[in-house]
Amino acid sequence: MRATSRPVAMAPSAANDAPAEDGFRRMLAAEGTDTLLVCMVDMQGRLVGKRLTARQARAEAGEDMHACDYLLGVDAEMVPIPGLRSSGWERGFGDFSIRPDPATARLLPWQPGTLLVLGDTVDHEGHLVPHAPRSMLRRQLERLAATGFTASMASELEFTVFQGDWQQLRAGAYRGLTPDGFYSEDYQVFQGTGREPLIRTIRNNMEAAGIPIESSKGEGGPGQAEITLLHAPALESADRHVIYKTGVKEIAQAAGKTASFMAKWHEAQPGSSGHIHFSLWTPGGEPATAGPEGLSAEFGHFLAGQIALLREMTLFLAPVVNSYKRFQPGSFAPTKAVWSRDNRTAAFRVLGHGKSLRAECRVPGADVNPYLAYAALIAAGLHGLEQRLPLDPPAEGNAYLAEGMPEIPTTLREAMAALDGSAVLRAAFGDAVIDHYVRAAAWEQSEQDRRVTDWEIARYLERA
């Protein structure tokens, strides 16, 4: 029997955090601020919202902003997904609201005069919309807090820079794409120096926007780069992730280039990963990941839960058809649901020591929605904690060759079926939420299924 949906708490009010509210109002009133950008995050992990004039924003500072509820019911092309219970033509596409979270407010150096604030998605009664990505993460963080732990997380996003801006690439139907590089540049300083004006601009702008950067480097493909964000509490980390990702695209666009976070843009080139690092802490700020013999017992259970539910939560880590093109042996993207100690062939890599001891989930690509991925990892970890699941010994050597280990789903269709049948994740998120994302994935799959690809034409037009 499927679990029933759990009620979702009232959304936090801006008035509950007076220092953040004061800071938000000061930035809004600052000389030169002429625009307030109020955003929520959609199912694809994109920022959606409205721009307000500073005059209007000052008059309405902190008030909810109305938006059409189809924003959580459309595909990447903004086409309404049929068959959803939360929105649709038969429901009239009404409104919900974006409730600004003043703790997220920051000036965007790459958009002069613009103040950005993220918000929670709330219904007419002021309750969090259950299937909104930020709501889903909030819910799992509340469950984690009830066990006496908090989560620190960080995203590690790779992207490919192409010559030409979006308009030029689109006008050419995305054919003949030219990466802004010539060969594998993983850690290569000389090749990276050619792109340093862009990467340096990104680093400096993110630092100025309150998104601390650890480092940047070249990656395994031509034109591919990685900029590592510092860890933070899970919700703050997810907020930084989506602002950073949008900012990278906008800064590249301004430089006449295109930055793409597509998981796999060419079969002969490396995919772009979105590795997630995570650790457990006490509310007092003490690390809870390490123990006398390496991992603490609690973190061992937490990691065991994630491994046990990896197949069931893969849809939240790899959300679209293209995501699954990364999962190839010898690709540095995992294929087996195993963990290891500092071994990049496994799905989970444990690394660091002392306070820096953490696990890295290597399954997501750069197309991941961080709120969904973080929420799923925490929900799976809680399952391990609650059931006291034992952690198997770490994988040794080449995990791609490990026998008898669960395989990570290789298609969106397979991942969708695994999530649909997950009693544990249905209990954690509620039936309505799981049904919503399964239906969205089914629509995405059907959209791909009915397309005739260039590969099919080249292979069958003459030979069929």
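Two strands are taken to pair if DSSP finds at least two bridges between them. In this predicted model, strand β7, residues 150-163, meets that condition with strand β12, residues 274-281, the two being antiparallel and joined by eight bridges. Within this pairing, Ser 152 of β7 has Ser 279 of β12 as its bridge partner.

Strand β7 also pairs with three further strands, β9, β10 and β11. With strand β9, residues 224-229, the pairing is antiparallel and comprises five bridges. With strand β11, residues 257-260, four bridges are found, again in the antiparallel sense. The pairing with strand β10, residues 232-233, is likewise antiparallel and rests on two bridges.

Individual residues place these partners along β7. Met 153 lies opposite Ala 232 of β10. Thr 160 faces two partners, standing opposite Gln 224 in β9 and opposite Ser 260 in β11.

The surroundings of β7 are reflected in its accessibility. Of its 14 residues, 12 are buried, and the strand is therefore largely enclosed by the rest of the structure. Burial here denotes a relative accessible area under 20%. Gln 163, which belongs to β7, is not among the buried residues, because its relative accessibility of 38% places it in the partly exposed class.

Apart from residues up to four places away in sequence, Gln 163 is in contact with Leu 169, Thr 178, Pro 179 and Asp 180. The C-alpha atoms of Gln 163 and Ala 255 are separated by 9.9 Å in space, while the two residues are 92 positions apart in sequence.

A second residue examined, His 66, is located in strand β3, which spans residues 65-68. His 66 has a relative accessibility of 46% and is therefore classed as partly exposed. Once neighbours within four places in sequence are set aside, the contacts of His 66 are Lys 50, Asp 95, Phe 96 and Ser 97. Between His 66 and Asp 449, the C-alpha to C-alpha distance is 35 Å, with a sequence separation of 383 residues.

How values were computed
Residues are numbered from 1 along each chain as its sequence is written. This is a predicted model: local features need pLDDT of at least 70, side-chain atom pairs count only at pLDDT 80 or more; totals for chains, interfaces and linings use all residues. Side-chain values use heavy atoms; hydrogens and water are left out. Buried means under 20% relative accessible area, exposed over 50%, partly exposed in between (1.4 Å probe, protein chains only). Contact means heavy atoms within 4.5 Å.
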